[in-house]
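Trainee: I should like a close look at the charged side chains of this model and at the pairs they form. Please then carry the account on to the aromatic side chains and their surroundings.

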Amino acid sequence: MTATTSATTRETGAPSRRARGRAAAGPLVIRRRARRGRRSVTLTALTTIMLVYTLLPLAWLVINATKTQEGLLGSFGLWFDGDFALFGNIAGTFTYGGGIFTRWLLNTLLYVVVGAGGATLLATIAGYGLAKFDFPGKKAVFAVVIGAVAVPGTALAVPTFLMFSTMGLTNTPWAIIIPSLISPFGLYLMWTFASDAVPDEILESARVDGAREFQTFFRISLPLLAPGIVTVLLFTVVATWNNYFLPLIMLKDPAWYPLTLGLNSWNAQATTAGGEVIFNLVITGSLLTIVPLIAAFLLLQRYWQSGLAAGSVKG
């Protein structure tokens, strides 16, 4: 009888203890949810501010690219004018100065394809080798790469100009392409990505099966490195596409200008004696310049996002 009573007491007492525990924990849960709600509001506000800060210049560019020269100077900057002149401005951009804008666009594509593409290839090969092979001086190489990442490109522009001037390469496309082939950040990114993306066990299995290193790299490692390669490619493409200071000191012939330097020369006409003011073409040209970059990021978004997130979570 006593055992039965104790069991009954335990059975009837258990729910009451759980209920008391839930009742005691109730205010704590409410406070935690309230704190999470406050953090969410703050995060939303900060995100909204950053979104406006990011999109406002783009909206200004799109709106003002639809205006004529007169409408650009005589209307509110963040609203459209009466005359929609976008297509006329685009046509004028490609025909002004004998179609020099097209030449600048082709020059930029040349620098991006050869320079950024070569930088991505070299960073992929070097990063993979540094991640998967041991050799004397590897730590020294790592220190050099980290140090090179910390050095801004503008600090090396003048020494590079002096070296290229001695070699007779200034005012040529090679003065832009050769420096673009070196990307310390891309090398470091591929180094860290390859360390986690390519398991050593797979490489050892391929070697045991008699596969050569080049076969292993192209057939096994390269597909695994695809997200990292796309991420490095986007970084190098953006850096080369937006490169301004290096072409400024390296190039004198407008025929070899990239888009950044060419549009700046159009913009400088407004302050030049006898120069033609073509702010509407400068704005339209700037809009046409960023369209390929936006398209590249949107098309390759899923690749570079996975590349940036690689290694953030480890089992």
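Mentor: In this predicted model, the side chains of lysine 138 and aspartate 134 meet in a salt bridge, with 3.3 Å from N to O. Aspartate 134 counts as exposed because its relative accessible area is 72%, and the threshold for that class is over 50%. The general principle is that side chains of opposite charge can pair when their charged atoms come close. A search of the whole structure finds 4 salt bridges, and the pair of lysine 138 and aspartate 134 is one of them.

Two further salt bridges share arginine 207. In one, the side chain of arginine 207 meets that of glutamate 204 at 3.2 Å, N to O. Both residues lie in helix α9, which covers residues 200-208, and they are 3 residues apart, about one turn of the helix. In the other, arginine 207 pairs with glutamate 213, and the closest N and O atoms are 2.9 Å apart. Glu204, Arg207 and Glu213 are thereby linked in a network of salt bridges. As to exposure, glutamate 204 is partly exposed, with a relative accessible area of 44%. Glutamate 213 is also partly exposed, at 33%, and arginine 207 belongs to that class with 26% relative accessibility. The class applies because these values fall between the limits of 20% and 50%.

The next topic is the aromatic side chains. The count comes to 12 aromatic pairs. One of them is formed by tryptophan 79 and phenylalanine 80, whose rings are 5.7 Å apart centre to centre, with 70 degrees between the planes, an edge-to-face arrangement. Tryptophan 79 is exposed, at 57% relative accessibility, whereas phenylalanine 80 is partly exposed, at 39%. Another edge-to-face pair joins tyrosine 96 and tryptophan 266, at 5.3 Å centre to centre and 90 degrees between the planes. This pair links distant parts of the chain: tyrosine 96 is in the loop between α3 and α4, tryptophan 266 is in helix α13 (residues 259-268), and the two are 170 residues apart. Tryptophan 266 counts as buried, since its relative accessibility is 4% and the limit for that class is under 20%. Tyr96 and Trp266 also belong to one aromatic cluster, together with Phe94, Phe101 and Trp104.

Tryptophan 79 deserves a second look. Its position is in the loop between α2 (69-74) and α3 (86-95). Both Trp79 and Phe80 contribute to a nonpolar surface patch of about 730 Å², which is made with Val52, Leu56, Trp60, Phe76 and Leu78.

Threonine 124 offers a contrasting setting. This residue is found in helix α4, residues 100-132. With a relative accessible area of 4%, threonine 124 is buried. Its side chain reaches the backbone oxygen of threonine 120 at 2.7 Å. Leaving aside residues up to four places away in sequence, threonine 124 touches Met190, Phe217, Leu222, Leu225 and Ile229.

To draw these parts together: arginine 207 takes part in a network with Glu204 and Glu213, tryptophan 79 is exposed and helps to make a nonpolar surface patch, and tryptophan 266 is buried and belongs to an aromatic cluster.

Technical notes. Residues numbered from 1 in each chain as written. Predicted model: local features only at pLDDT ≥ 70, side-chain atom pairs only at ≥ 80, totals over all residues. Heavy atoms only, no water. Buried < 20%, exposed > 50% of the residue type's maximum accessible area, 1.4 Å probe, protein only. Helix = DSSP H or I, 4+ residues; strand = E, 2+ residues; numbered from the N terminus. Patch = residues over 30% accessible without salt bridge, like charges linked within 9 Å, V, L, I, M, F, W, Y side chains within 5 Å. Areas by Shrake-Rupley, 256 points an atom, 1.4 Å probe, with all protein chains shown as cover. Polar contact = N/O pair within 3.5 Å; in protein donor to acceptor, adjacent residues only side chain to side chain. Contact = heavy atoms within 4.5 Å. Phe/Tyr/Trp six-rings, centres within 6.5 Å; stacked < 30°, edge-to-face > 60°.
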